[in-house]
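User: Hi! I am new to this structure and would like a friendly walk through it. Could you show it to me first?

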Amino acid sequence: MSEPLFNRIAIIGLGLIGGSFAAAARENGLARSIVAGSRSARTLEQGIALGVVDDGSQDLAEAVKGADLVFVSTPVSAMGKVLAALKPGLSRTAIVTDGGSVKGNVISAARQALGEHYSRFVPGHPIAGKEKSGVSAADATLYRDHRVILTPTDDTDPAATAKVRAIWTAMGAEVLQMSPQYHDQVLAETSHLPHLLAFSLVDTLARQGDSNEIFRYAAGGFRDFTRIASSDPVMWHDIFRENKAALLQALGLFSDGIDRFRDAVEKGDSDALMGIMTRANSARAHFMAMNGRTSYTRAQLGEDSIMTDSSKANPTYLMTPGGKLNGRIRVPGDKSMSHRSIMLGSLADGVTEVEGFLEGEDALATLQAFRDMGVVIEGPANGQVTIHGVGLNGLKAPEKPLYMGNSGTSMRLLTGLLAGQAFDVELTGDASLSKRPMERVAKPLREMGAQITTGNEGRPPVRIRGGQPLKAIHYDLPMASAQVKSAVLLGGLYAEGETSVTEPAPTRDHTERMLGGFGYAVRRDGATSAVNGGGKLTACKLEVPADISSAAFFLVGASIAEGSDVTLPHVGINPTRTGVIDILKLMGADIRLENQRDAGGEPVADIVVKSAPLKGIVIPEALVPLAIDEFPAIFIAAACAEGDTILHGAEELRVKESDRIQVMADGLAALGVDHEVFDDGIRITGGAFGGGEVQSHGDHRIAMSFAMAALRANGPITIHDCANVATSFPGFAQLAGHAGLNLEVK
Ligand SMILES: O=C(O)C1=C[C@@H](OP(=O)(O)O)[C@@H](O)[C@H](O)C1
Ligand SMILES: C=C(OP(=O)(O)O)C(=O)O
């Protein structure tokens, strides 16, 4: 047996929290002996009788003698006195920690009471509890899969913090670390305020003369809202007093919110009412997703700064080799079009209805940004979104920076669109987006008169100074980028005169087509597109087809896995997006387009793919921009083809969510695929390959591409860091599993 973490643990205050800590320590073999200190002889007797602790003392200094860990779980208001009382018994090296729900005041009390021993005090707060209280309710599993927040200060000994972290982790808890101030603020907003409101609502209604009548009719809403008003008044009395400053601040925020709501009700302002409630709906959906550890809003909500155990938030794909793909696979809506539907719908006059919207995190980041700028957007529900457009000049200044998550398209297109607004705005993103180049859009927009600054080396954050008159320019795009083209055209909506852009090679033209769909004239002349500023967009109905970039994984998977036969219905086959089909066909793939039709100005088809022997090719450079997002998947096809596949002219791949040339090369190397990296591309020699461990570097397309590689690998493939698959393809694992891929999400 391994050594227990502690020799002797003393629990001071043997209620539900202390008793459960003792029970969990015992069950997990974390101490040789466990004793308790409590003023109540009865509690001690009970604890010993239940087998939760071995021994106990009413004298707290006596109780902690010989303990190398002391866990104090008395009410927060008593903490100072309790610590002073136990201090004389503390051994020099003993670590003291607590379970109080307020940290600032507890820390001040501990600093005073413990004196020179303060550096061994590790403030903590397990976020767990249940309706029952007292040691008789002690539960060895209470902390399993719950969060525990530690708030060490600069004076706290890091070794002591590490040991306290270790014991909580051993009890199955997820340990987070943050500053005491942040803890008190977050808890005031998310726990103390709701408790106060529940107590207050019940009390307010109970005071009314006919309260019995009211409660008789109290329905689910009342019960749900006020359940926590049954909590222990003594404990909450303590918390409200001890966390006064943060609670008052949270109450202030809340009363501002209530005033806004009241105002909207009074005026019968439907837009304002719908705005508040649709934002609340989506925020709550994000919270729930966040707790399921999937949402881009983790960072937006400050969680990145408090998450220390990110592995739990980030799934790994465990791929069993072999298998084939079969059936009808409906992949989610087109990402590029989903972004633009929100942008143009918001700027239109009237109500735009969208069907087939991609409920992935990138498109949701765009949607949230427009909500933050005052646009009322209902949904998404089952791909349906209703956008109450505010007109070209109706956006409002957001209250905080707009968070674009992982999405380059959101940040670049919004930079263009926001360059001509009357207000200042800042755009931020996650770790990957924060490394991507933004000067490519800032530069032409500055030429138009915009005031834009970018961060270090031209990366995010992007800060835009409002109120700058824009003038039209002609811009020759230095690289084939639909995002830069779109940013300039969207800026052009606000510029005086005709803004035109010429591209070096055709790139996706959804901005041009969709502007047309909203009744905004776009002049198109060969490689040049142009708009006149000052026009108007008119709301419309939009149908977003399935995303060919998501379909691409199945085009490759079905091509490489013998016996596959897949139909991908209703996929967008806009000619500026079909490079992947052309490339795979050149390699020998069996791909047919059936039922070709027009859906709201975009061509769509059902794509039928059957497995076929592939051969290596030199990829025509003209096809590169038309397949720019599909190269990770195409590289997997190349690894399964006979002979060499050679790609040049694809340096843009290095500035996507990851450096897609290098990251794919690293993954191919892990599987033993022969290849050679070029600055602007790669050579891949196809053949048999094995399993291995692949890092996706948080890049959705890398993760999904290597998932398909498993169909032909000779060993299992483990793909790390797959959370961002949800940016473009929520539900990928399930859908692919259904089609025949052997994928386990861990
Ligand atoms: O305009 C768009 O919707 C996109 C353009 C492309 O980016 P670049 O413009 O950087 O090539 C593409 O990679 C991205 O996924 C979506
Ligand atoms: C490059 C991509 O997206 P974005 O630039 O919007 O992050 C992509 O989806 O592959």
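Analyst: Happy to. The protein averages a pLDDT of 93 (pLDDT is the predictor's confidence in each residue, from 0 to 100), and 96% of the residues score at least 70. Over residues 292-312, though, the pLDDT is below 50, and this stretch has 37 contacts in the model beyond near neighbours in sequence, two residues being in contact if their C-beta atoms, placed from the backbone, lie within 7 Å. This is a predicted model, in which local features need pLDDT of at least 70, side-chain atom pairs count only at pLDDT 80 or more, and totals for chains, interfaces and linings use all residues. Residues are numbered from 1 along each chain as its sequence is written, while chains are lettered from A and ligands numbered from 1 in the order in which they are written.

User: What ipTM does the predictor give the complex?

Analyst: The predictor reports two scores for the complex. The pTM is 0.75, and the ipTM is 0.98.

User: How is the protein divided, and how far apart are the C-alpha centres of domain 1 and domain 3?

Analyst: The division has domain 1 (6-178), domain 2 (184-268), domain 3 (317-329 + 546-745) and domain 4 (335-543). Those bounds come from an automatic or database domain assignment. Between the C-alpha centres of domain 1 and domain 3 the distance is 53 Å.

User: Where does ligand 2 lie with respect to domain 3 and domain 4?

Analyst: The residues around ligand 2 are Lys335, Asp362, Ser407, Gly408, Thr409, Asp629, Lys656, Glu657, Arg701 and Ser728, where a residue is near a molecule or strand if its C-beta atom, placed from the backbone, lies within 6 Å of it. Domain 3 and domain 4 both give residues to this shell, so ligand 2 lies between them.

User: How many residues in the shell around ligand 2 are charged?

Analyst: Asp, Glu, Lys and Arg count as charged; Ala, Val, Leu, Ile, Met, Phe, Trp, Tyr, Cys and Pro as nonpolar; and the others, Gly among them, as polar. By these classes the shell around ligand 2 has no nonpolar residues and four polar ones, and the charged residues number six.

User: Which helix gives the largest share of the shell around ligand 1?

Analyst: Around ligand 1 are Ser336, Thr409, Ser481, Ala482, Gln483, Ser486, Arg508, Ile628, Asp629 and Glu652. They divide into two nonpolar, five polar and three charged residues, and domain 3 and domain 4 each supply at least three of the shell's residues. Helices (H or I, at least four residues) and strands (E, at least two) are DSSP runs, numbered from the N terminus. The largest share, three residues, comes from helix 19 (residues 482-492).

User: Why is one side of strand 29 and of strand 30 left without a neighbour in the sheet?

Analyst: Two strands pair if DSSP finds at least two bridges between them. Three strands form an open sheet here, in the order 29-31-30, with antiparallel pairing. One side of each of the two is left free because strand 29 (644-647) and strand 30 (675-678) stand at the edges, each with a single partner strand.

User: What is the bridge partner of Val677 in strand 31?

Analyst: Strand 30 and strand 31 (residues 681-685) run antiparallel and are joined by four bridges. A hairpin of two residues connects them, and Phe678 stands opposite Gly681 in strand 31. For Val677, the bridge partner is Ile682.

User: Which helix packs on that sheet, touching strand 30 and strand 31?

Analyst: The direction of this helix makes about 165 degrees with that of strand 30. Axes are lines fitted to C-alpha atoms, for helices over the stretch in contact, and angles run from 0 to 180 degrees between N-to-C directions. The helix that touches both strands is helix 24 (residues 660-671).

User: In the sheet with the order 20-22-24-23, what is the bridge partner of Thr499?

Analyst: This open sheet of four strands has mixed pairing. Within it, five bridges join strand 22 (residues 498-502) to strand 24 (residues 528-532), and the two run antiparallel. In strand 24, Thr499 has as its bridge partner Val531.

User: Where is Pro461, and is its peptide bond from Pro460 cis or trans?

Analyst: Pro461 sits in the loop between strand 17 (451-453) and strand 18 (462-465). That loop also holds Glu457, which has a positive phi of about 50 degrees although it is not a glycine. Most residues other than glycine have a negative phi, and most peptide bonds are trans. With omega near 5 degrees, the bond from Pro460 to Pro461 is cis.
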